[in-house]
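User: Please justify the terms used to describe this model, setting each value against its criterion.

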Amino acid sequence: MFDLSDRDFHRLTSFIKSKFGIDLTHKRQLITSRMSTTIASQGYKDFSGYVDHILTAATQEDMELLLNKLTTNYTYFMREQTHYDFFKDTILPDLVRRHQRDRVLSIWSAGCSSGEEPYNISMILMDYLGASASQWDTRVLATDISQRVLAAAQKGTYDLPSDIPPAWRQKYFTKTPGSSLYTVAPSIRKNVIFRTFNLMDPIQFRLKFDVIFCRNVMIYFDQPTKDALVRRFYDATVPGGYLLIGHSETINKDSSPYQYLHPATYRKA
């Protein structure tokens, strides 16, 4: 295992935080243990040469490998079920009422990882709207910083958990013959637009959002970075729109412009 000098540790963590918002200043051992083998396999003799490369000549592939090593792209269908229940029982009736004329819902899955969340949202939308779903534009924007996880998300093939509703398994998935894997049905896949996006960048999408899901992403950010991102989310939310974060996450209720509804759920007044 390579030694990570104070200088290289500071250079690397400062770069990652400034570019991606990810705070690894207390993760020195994690960086050392997860990156040493990779660095050696690429022919570097120490961290210093590798950090020089990352700071001056890194490719998109280099950056993705680094981020994939140091963060966890962990998600699954039906994660934090209470959010989906609130979305179905409270948010959707409100949005459908407000959008009866234009019939356009604008929903963002920010930090979508391997795609389960935006597909999950789409299945709830289709169930809720039923026969009238085709009359609505319900496409979900799904973004992540990693092109690798987005490529997997676009394929839409998963080993489904046991708590997927049986009706969903039948309506919204196709089983791969001779395998335990299922692929998301075309109607659901078409309802999700995948894009690469860095949450540290200005949010300048065409429409403001009725709902932003950003769950279990801000765990990697320090408080000032979270506060700044929440303000950008707020500016990108329509009046009366919603922000849902992970149940293990918190935002500063005193400084947040959103109105607190209940744990991990906020609304723009």
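User: Which strands each supply at least two residues of the lining of the second largest pocket?

Analyst: In this predicted model, strand 2 and strand 6 (192–196) each do so. The second largest pocket has a volume of about 320 Å³. Its lining comprises 14 residues, and those closest to its centre include Ser106, Leu141 and Arg206.

User: What makes a residue part of the lining, and how many residues line the largest pocket?

Analyst: A residue counts as lining if it has an atom within 4 Å of a pocket point. The largest pocket is lined by 30 residues, with Asn73, Asp144, Asn216, Val217 and Tyr220 nearest its centre. Helix 4 (60–70) and strand 2 (140–144) are the elements that give two or more residues to this lining. The space in the largest pocket is about 560 Å³.

User: Why is strand 7 called mostly covered?

Analyst: Buried means under 20% relative accessible area. Six of the six residues of strand 7 (residues 209–214) are buried, so the description as mostly covered follows from the definition.

User: How do you know that strand 7 pairs with strand 1 and with strand 8?

Analyst: Pairing requires at least two bridges. Three bridges join strand 7 to strand 1 (residues 107–110) in parallel, and five bridges join strand 7 to strand 8 (residues 237–245), also in the parallel sense; both pairs therefore satisfy the criterion. Tryptophan 108 stands opposite isoleucine 212 in strand 7, while phenylalanine 213 stands opposite leucine 244 in strand 8.

User: Through which helix does the chain cross from strand 7 to strand 8?

Analyst: The chain crosses through helix 10 (residues 223–235), and this β-α-β crossover is right-handed.

Technical notes:
Residues are numbered from 1 along each chain as its sequence is written. This is a predicted model: local features need pLDDT of at least 70, side-chain atom pairs count only at pLDDT 80 or more; totals for chains, interfaces and linings use all residues. Side-chain values use heavy atoms; hydrogens and water are left out. On a 1 Å grid over the protein atoms alone, a cavity is a set of points where a 1.4 Å probe fits but cannot get out, and a pocket is an open set with protein on both sides within 12 Å along at least five of seven lines; lining residues have an atom within 4 Å of a point. Grid points are joined across faces, edges and corners, and a volume is the space filled by probe spheres set on the points. Helices (H or I, at least four residues) and strands (E, at least two) are DSSP runs, numbered from the N terminus. Buried means under 20% relative accessible area, exposed over 50%, partly exposed in between (1.4 Å probe, protein chains only). A crossover is right-handed if, with the strands pointing away from the viewer, the path from the first strand over the helix to the second runs clockwise.
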